[in-house]
Amino acid sequence: MSKIIQVGMAEFKLAKSPDKLMTAGLGSCIGICIFDKAIKLGSLTHIMLPSSAQARNPQNAAKFADTGIELALNEMGKNGAVQSRLLVKIAGGAQMFKFSGESDIMKIGERNAMAVEETLQKFKLKIIAADTGGNYGRTITFDPESGDLLVRTIGHGERTI
Amino acid sequence: MVFDFSELSGLELDALREIGNIGAGNAATALAQMLGAKIDMSVPKVSILPFAEVPELIGGADSHVVGLYLNASGSAPANILFILPINKACYLVDMLMSRPLGETQPDNFNDMQLSALMELGNIITATYLNALAMFTNLDFRPSVPALGIDMAGAILDAVLAIFGAVADHVLVLETEFTKDEEDIVGHFFLLPEPGSLDTILSSLGVSIG
């Protein structure tokens, strides 16, 4: 029996095929799927913020792009993944509210996406597919078996990347 | 400074509930006047929740909702979020525009309907904030409200990101508006920024241990 493992805001989960990983309602947050196809192991980190550096309270590693990716790599490694085989797909990073304020939180999605890319680059990991930006939410389901990432939206279609 | 919301005393929680009561009471009256209908409200609930559980309050991260958000700056910065299920939002628009219920459909909001929703949110949130300001004697300067129509989780996370840098939990003051007894119209959230809680509580003369 395969399970669909739910990943909440600021959470990290691992899954082995035939299980799948899902996170619902990504707005400015980003879902980072890192997977090792050879052993059919995948992980999903639902990050909220770009960097733990400005945080007063950085205990929860999965909340930030920098520490979240590090956490995922460590946990993947402990479960037999090989770093050179790892591939990455990401989704989210939208700008949810439309108004003309110049407040920082309005650009948080964009800043999240940039931080994810930078951190992945630091670990020499490649993003092979991304569905980020826009002004709409995304619900994503990741299948570690095929590496398929299903992105569902309200009014902006459904796609597999 | 209260860093850990779980240290709040019973008295402090009561004071917060009272704030919710007064703010939402005024907002419910404003809503009733606009709609020409009777609007009831629940006793406010104060919850301290981890981020991951907040979307559950409004039917799950996946549910299709309309969210109106505004940020109030001043001596006690806070965030206000009014969230209602999409089908209820459609009804409200129909009622506001005096049209038969069911005419507005979730997938085809036009500018006129969006602006009706915006106006509705404007009045409700401004009323809430005014009541809060009168009650606490603090000054709250509201931002222009922002409107989002999408998944509940997606709307919430942009707002929760403000708290993410300093906390893993959020204090939610929640009131439900109902019309004709069972119909849940919407949820009203007041999310004080972490440092603001002290300011609000001391303005009410509730000391913090």
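Mentor: A salt bridge is a side-chain nitrogen of Lys or Arg within 4 Å of a carboxyl oxygen of Asp or Glu. The model discussed here is predicted.

Trainee: Which residue meets B:Arg141 in a salt bridge?

Mentor: The N to O distance for this pair is 3.1 Å, and the limit is 4 Å. B:Arg141 is partly exposed at 47% relative accessibility. Its partner is likewise partly exposed, with a relative accessible area of 38%. That partner is B:Asp139.

Trainee: Is B:Asp94, the salt-bridge partner of B:Arg99, buried or exposed?

Mentor: The closest N and O atoms of B:Arg99 and B:Asp94 are 3.3 Å apart. B:Arg99 is partly exposed, with a relative accessible area of 23%. Buried means under 20% relative accessible area. B:Asp94 has 0% relative accessibility, so B:Asp94 counts as buried.

Trainee: How many residues apart in sequence are the parts that A:Arg159 and A:Asp131 tie together?

Mentor: A:Arg159 forms a salt bridge with A:Asp131, with 3.0 Å between the closest N and O atoms. A:Arg159 lies in strand S10 of chain A, and A:Asp131 lies in strand S7 of chain A. The pair therefore ties together parts whose separation in sequence is 28 residues.

Trainee: How many disulfides does the structure hold over all chains?

Mentor: A disulfide requires two cysteine sulfur atoms within 2.5 Å. For A:Cys33, the nearest cysteine sulfur is that of A:Cys29, 14 Å away, and A:Cys33 is in no disulfide. A:Cys33 is buried, with a relative accessible area of 0%. Over all chains, the number of disulfides is zero.

Note on methods: Residues numbered from 1 in each chain as written. Chains lettered and ligands numbered in written order. Predicted model: local features only at pLDDT ≥ 70, side-chain atom pairs only at ≥ 80, totals over all residues. Heavy atoms only, no water. Buried < 20%, exposed > 50% of the residue type's maximum accessible area, 1.4 Å probe, protein only. Helix = DSSP H or I, 4+ residues; strand = E, 2+ residues; numbered from the N terminus.
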